[in-house]
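The exercises below are to be worked with the sequence and the coordinates open. Each task is followed by a solution in steps.

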Amino acid sequence: MSSPAPTIPPALNPPVRVLLGPGPSDPHPRVLTALGRNTVGHLDPYYLSLMNDMQQMLRAVFRTQNPMTLAISGTGSAGMEATVTNLIEPGDPMVVCVNGVFGGRMVDVAERAGARVTKVERPWGEVFAPADLAPALKQARPKVVGIVMAETSTGAWQPIEEISRLVHDAGALLLVDAVTALGGVPVEVDAWGIDAIYSGTQKCLSCPPGLAPVSFSPRAMEVALARKTKPQSWYFDVTMLAKYWGSERVYHHTAPINMTYALYEALRLVLEEGLEAAYARHRLNHLALKAGLAAIGIEFAAQPGHQLPQLNAVRVPTGVDDAAIRRGLLERFGIEIGAGLGAFKGKVWRIGLMGYGSRAANVLLFLAALEQLLSEAGYKFSHGAAVAAANGVYAEVGPGR
């Protein structure tokens, strides 16, 4: 008796969305075009040349001269695994700053690598001052200190420079999570003395998820090369990756060719605009959104003065159904925003204005849709106030593109 013919699912037809959540962000059309270019081999001369050019652009965006700057094959969490597992050996002391989900994730990754982790914690939405770390640095004498620069779960923007000095004075390496930061706010790897840093393609670089830009300082590479034990991960072993991304081009793994094309074009877009112009655009659209939300009584959750322009975590108004509003935005307007995580579950909305998604058209569309849904839900405010306030910012400063 023959087997029944398999049921073939319908043709791929993803819905059109406006991605204004915590990531992924909407890829730029040029990036999507690059993704569909002809695939070549991962050792093809064309691809090897592309790797050189991409490394040059990554160094420019990270603001570093680090030779070991590359794109790890995997998402931003792969960047976290790669940096932690190369710098940490079993038994090494590590201090991790936790003020949201992703600081907590770094603790988990470090413990799995065998680190003796000391957590330094702040309430969600707040950032760390050097004084918060000083006791832990003195007591734990860590090999590595990890901190999240742009905490995606809370919208908090962590200053790095003073903490970097404190960490280095304690003889430790500084590891920075810049997944949501890179391309949206200044990231100064060399000027701030960052020893290892990782990011992701799907946030302010306006590229689909799939690669993790990372950079290791010469000091960090010395530590990685002097290990007594092999890293926990073969795939992320930087001593082997260095031979593939360096002049030797020794085969390590089959790189995601077309994702490299996409990141290559995304980096070209960032550098064409200019880093300072990109930061200013994110800032302007954040200010317009903030003015619009303030006009209808919606407040930010992150510490004042430390609110990310590209990831806006705002408090759900009292009496408003968090999930119902998000569902209405998605089903009726095609707009995705993010829910709160962990301590912020049900309490905040996370509104991303990242990369190509950081445009005045998206700010005004979101505010208009939100006003309509809030009005239907019985929330009291002055109708049209949010859109008018945002337009007031654009009229004063200029277009947010």
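A residue is buried if its relative accessible area is under 20%, exposed if it is over 50%, and partly exposed in between, with a 1.4 Å probe and protein chains only. The model is predicted: local features need pLDDT of at least 70, side-chain atom pairs count only at pLDDT 80 or more, and totals for chains, interfaces and linings use all residues. Residues are numbered from 1 along each chain as its sequence is written, and side-chain values use heavy atoms, with hydrogens and water left out. Helices (H or I, at least four residues) and strands (E, at least two) are DSSP runs, numbered from the N terminus.

**Exercise 1. Cysteines**

Determine how many disulfides the model has, and examine cysteine 207 and cysteine 97.

Step 1. A disulfide is a pair of cysteine sulfur atoms within 2.5 Å. Under this criterion the count is zero.

Step 2. For cysteine 207, the closest cysteine sulfur belongs to cysteine 204, and at 13 Å it is too far for a bond.

Step 3. Cysteine 207 has a relative accessible area of 0% and is buried. Cysteine 97 is buried as well, at 1%.

**Exercise 2. The sheet**

Give the strand order of the seven-stranded open sheet and find which strands stand at its edges.

Step 1. Two strands pair if DSSP finds at least two bridges between them. The resulting order is β2-β10-β9-β8-β5-β3-β4, with mixed pairing.

Step 2. β2 (68-73) and β4 each have a single partner strand and are the edges, so each has one side without a neighbour in the sheet.

Step 3. From one strand to the next, the twist averages 20 degrees; axes are lines fitted to C-alpha atoms, for helices over the stretch in contact, and angles run from 0 to 180 degrees between N-to-C directions.

Step 4. An antiparallel pair is formed by β9 (residues 196-198) and β10 (residues 211-216), joined by three bridges. Within it, tyrosine 198 has valine 214 of β10 as its bridge partner.

**Exercise 3. Strand β3**

Establish whether the residues of β3 are buried or exposed, and describe the strand's partners.

Step 1. β3 covers residues 93-98, and six of its six residues are buried, so the strand is largely enclosed by the rest of the structure.

Step 2. In a regular strand, side chains alternate between the two faces of the sheet. In β3, Pro93, Val95 and Cys97 point one way, while Met94, Val96 and Val98 point the other way.

Step 3. β3 pairs in the parallel sense with β4 (residues 116-121) over six bridges. Valine 98 has glutamate 121 of β4 as its bridge partner.

Step 4. β3 also runs parallel to β5 (residues 144-148), with three bridges between them. Here valine 96 is the bridge partner of glycine 146.

Step 5. With helix α4 (residues 101-112), β3 and β4 make a right-handed β-α-β unit. Right-handed means that, with the strands pointing away from the viewer, the path from the first strand over the helix to the second runs clockwise.

**Exercise 4. Helix α5**

Sort residues of α5 into buried and exposed, and state what covers the buried ones.

Step 1. Leu133, Ala136 and Leu137 are buried in α5 (residues 130-140). Seen down the helix axis, the buried residues fall within an arc of 105 degrees, so they line one face of α5; the arc is that of the directions from the helix axis to the C-beta atoms.

Step 2. Ala131, Pro135, Lys138 and Gln139, on the other side of α5, are exposed.

Step 3. Contact means heavy atoms within 4.5 Å. The cover over the buried residues of α5 includes β3, β4, β5 and α6.

Step 4. Helix α6 (residues 161-169) itself lies across β5 and β8 (173-177), at about 145 degrees to β8.

Step 5. Just after α5, arginine 141 has a positive phi of about 45 degrees.

**Exercise 5. Two loop residues**

Locate alanine 302 and tyrosine 379 and list what they touch, leaving aside residues up to four places away in sequence.

Step 1. Alanine 302 is in the loop between α10 (275-295) and β11 (311-315), and is buried at 5%. Its contacts are Gly125, Thr154, Gly155, Ala156, Gln307 and Ala313.

Step 2. Tyrosine 379 is in the loop between α12 (360-376) and α13 (385-397), and counts as buried at 17%. Its contacts are Ile296, Gly297, Ile298, Pro317, Val320 and Leu374.

Step 3. The C-alpha atoms of tyrosine 379 and valine 320 are separated by 7.2 Å, although the residues are 59 apart along the chain.
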